[in-house]
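Let's take a walk through this one together. Keep the viewer open and turn the molecule as we go.

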Amino acid sequence: GSTIGILGGGQLGRMIAMAAAQLGYRTHIYAPEESGPAADVSPLWTCGAYEDAAALGAFADSVDVVTYEFENIDPAAVDTLAGHGLVRPGAGALRIAQDRLAEKRFVQQLGGLTAPFAPVDSLDDLEEALDEIGSRAILKTNRMGYDGKGQARLSEPGDAVGAWNAIGRQPAILEGFVTFAQEFSVILARGADGEVRFWDSPANVHVDGILSTSMLPAGPLIEGQAPAARALAGQVADALDYVGVLTLEFFASADGPVFNEMAPRVHNSGHWTTEGAVTSQFENHVRAICGLPLGDTGLAAQGVVMRNLIGDQAHEWRDILSDPANHLHLYGKREARPGRKMGHVTRLML
Ligand code: ATP
Ligand code: MG
Ligand code: MG
């Protein structure tokens with residue numbers, strides 16, 4: 001049997017490892033932590049820093065293909081991995097998707113619509129960008145942000161100093177605030193042979209910058225904008241010669257779909273696919289990176305709702321299970337900190 005290497009040991013790694021096991025693969029996690037949600041299901045685990053080139057190289061040598069649930073590793077580490085074997089998706093996709101400025105420029109070049117944005121490397125840059133873009137804006141660190149972390153919202157010019165301090169005075173991007181009716185994501189799998197399959201796009205609701213629910217059907221507005229968003233996402237995947245699952249987040253605006261960001265991996269807004277689609281994002285990711293044919297991405301129900309269990313919400317698990325229609329997923333995290341994703345619950349409308 002072959003072994004799949006996964007960078008990162010969180011819940012996404014856990015769910016990739018479960019899909020890999022189902023298909024007869026072993027998994028080997030590489031993560032900076034001693035343990036994590038993926039440790040319960042992956043037989044092999046190496047604790048090492050992403051900066052440790054020797055350890056990363058040895059890890060890549062020990063597996064048949066390397067993938068990741070966590071894209072925020074240094075480009076040098078990506079090169080190390082690529083120098084030791086097959087990395088899917090490839091280093092090019094990872095480099096772009098880990099850098100907000102690079103991904104927005106890349107998508108713009110392909111004809112995609114984005115919020116107005118400007119690079120910010122200093123307080124002076126920020127003042128200038130606010131003049132240009134307007135003061136209703138969001139300042140985001142270029143790298144490493146997730147779940148709304150590393151972001152500061154601005155509403156007036158006087159907010160500049162506070163926002164610059166709040167994000168830790170690091171290379172950033174200022175985005176104009178987009179007026180949108182709804183949010184959605186395009187989740188696709190691209191096989192090693194270039195075949196692309198799309199799941200239906202869910203309507204995503206965020207609370208405090210964190211995904212709260214994903215719903216299908218997504219309704220007429222999103223259904224109307226999904227084809228253009230899909231076309232763009234397909235172009236992105238082809239341009240990067242992408243292999244695996246790729247996610248693009250969009251705002252459904254009056255001007256059409258506005259690209260927000262991409263993730264070169266399985267995505268929280270695709271968790272509904274485990275029960276709600278013929279083939280899950282995790283299974284198709286494994287199939288793609290292992291060079292296997294992709295499974296059907298069609299809906300397996302009339303509708304699906306996926307709700308994240310964040311912080312204390314995970315304590316509701318008994319109530320959730322008391323309704324036999326609910327599918328409960330808990331990630332095995334010991335400590336329920338506020339804002340921490342502890343699990344999710346999926347419900348099908350049959
Ligand atoms: P994750 O990677 O976990 O999805 P993130 O930290 O990368 O989150 P974003 O996706 O950039 O954060 O932003 C989180 C949410 O904040 C978005 O889903 C959206 O609701 C809101 N948001 C972000 N950028 C803008 C914008 N330019 N205009 C309006 N709302 C925005
Ligand atoms: Mg993000
Ligand atoms: Mg996002």
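**A tour from domains to odd backbone spots**

A cis peptide bond between Leu216 and Pro217 is a handy place to drop in, with omega at about -5 degrees. Pro217 sits in the loop that runs from β12 (210–216) to α8 (220–239). Keep in mind that you're looking at a predicted model, so every value here is computed from that prediction. We'll come back to the backbone later; let's zoom out for now.

The domain assignment cuts the protein into domain 1 (3–87), domain 2 (116–176) and domain 3 (182–349). Start with domain 1 and domain 3: their centres, taken over C-alpha atoms, are 22 Å apart. The two meet through 18 residues of domain 1 and 16 residues of domain 3. Which elements supply at least two residues each on the domain 1 side? Look for α1 (11–22) and β4 (65–68). Of the elements there, α1 gives the most, putting in eight residues. Sort that side of domain 1 by class and you get 12 nonpolar, two polar and four charged residues.

Staying in the early part of the chain, find α2 and α3. In general, a pair of packed helices is described by the angle between the axes and the distance between them. Here, α2 (residues 53–61) and α3 (residues 75–84) have axes that come within 8 Å and cross at roughly 35 degrees. The handedness of this α2–α3 crossing is right-handed. To see who's touching whom, show Ala53, Leu56, Gly57, Ala60 and Asp61 on α2, then Ala77, Thr80, Leu81 and His84 on α3. By class, this contact has five nonpolar, three polar and one charged residues.

Now swing over to ligand 1. There are 17 residues around it, and Ala115, Tyr146, Glu175, Val178 and His206 come nearest. Where does the shell come from? Domain 2 and domain 3 each give at least three residues to it. As for secondary structure, β6 (137–141) and β14 (256–263) each bring in at least two shell residues. The class split for this shell is seven charged, five polar and five nonpolar.

The UniProt record adds a label of its own: an unreviewed entry places "domain: ATP-grasp" at residues 104–290. Over residues 104–290, the chain is 30% helix and 32% strand. The C-alpha atoms at the two ends of this stretch are 29 Å apart.

Back to the backbone, as promised. Most peptide bonds are trans, and most residues other than glycine have a negative phi, so exceptions deserve a look. Besides the cis bond we started with, another cis peptide bond joins Arg88 and Pro89, with omega at about -10 degrees. Pro89 lies in the loop between α3 and α4 (91–97). Then there's Met144: it isn't a glycine, yet its phi is positive, at about 75 degrees. You'll find Met144 in the loop between β6 and β7 (151–154). That's the β6 we met as one of the contributors to the shell around ligand 1.

Terms used: Residues are numbered from 1 along each chain as its sequence is written. Chains are lettered from A and ligands numbered from 1 in the order in which they are written. This is a predicted model: local features need pLDDT of at least 70, side-chain atom pairs count only at pLDDT 80 or more; totals for chains, interfaces and linings use all residues. A residue is near a molecule or strand if its C-beta atom, placed from the backbone, lies within 6 Å of it. Helices (H or I, at least four residues) and strands (E, at least two) are DSSP runs, numbered from the N terminus. Ala, Val, Leu, Ile, Met, Phe, Trp, Tyr, Cys and Pro count as nonpolar, Asp, Glu, Lys and Arg as charged, and the others, Gly among them, as polar. Domain bounds come from an automatic or database domain assignment. Axes are lines fitted to C-alpha atoms, for helices over the stretch in contact, and angles run from 0 to 180 degrees between N-to-C directions. A crossing is left-handed if the near helix is turned anticlockwise from the far one by less than a right angle, and right-handed if clockwise. Two residues are in contact if their C-beta atoms, placed from the backbone, lie within 7 Å. UniProt positions are given in the numbering used here, feature names are shortened, and annotations may be inferred rather than shown by experiment.
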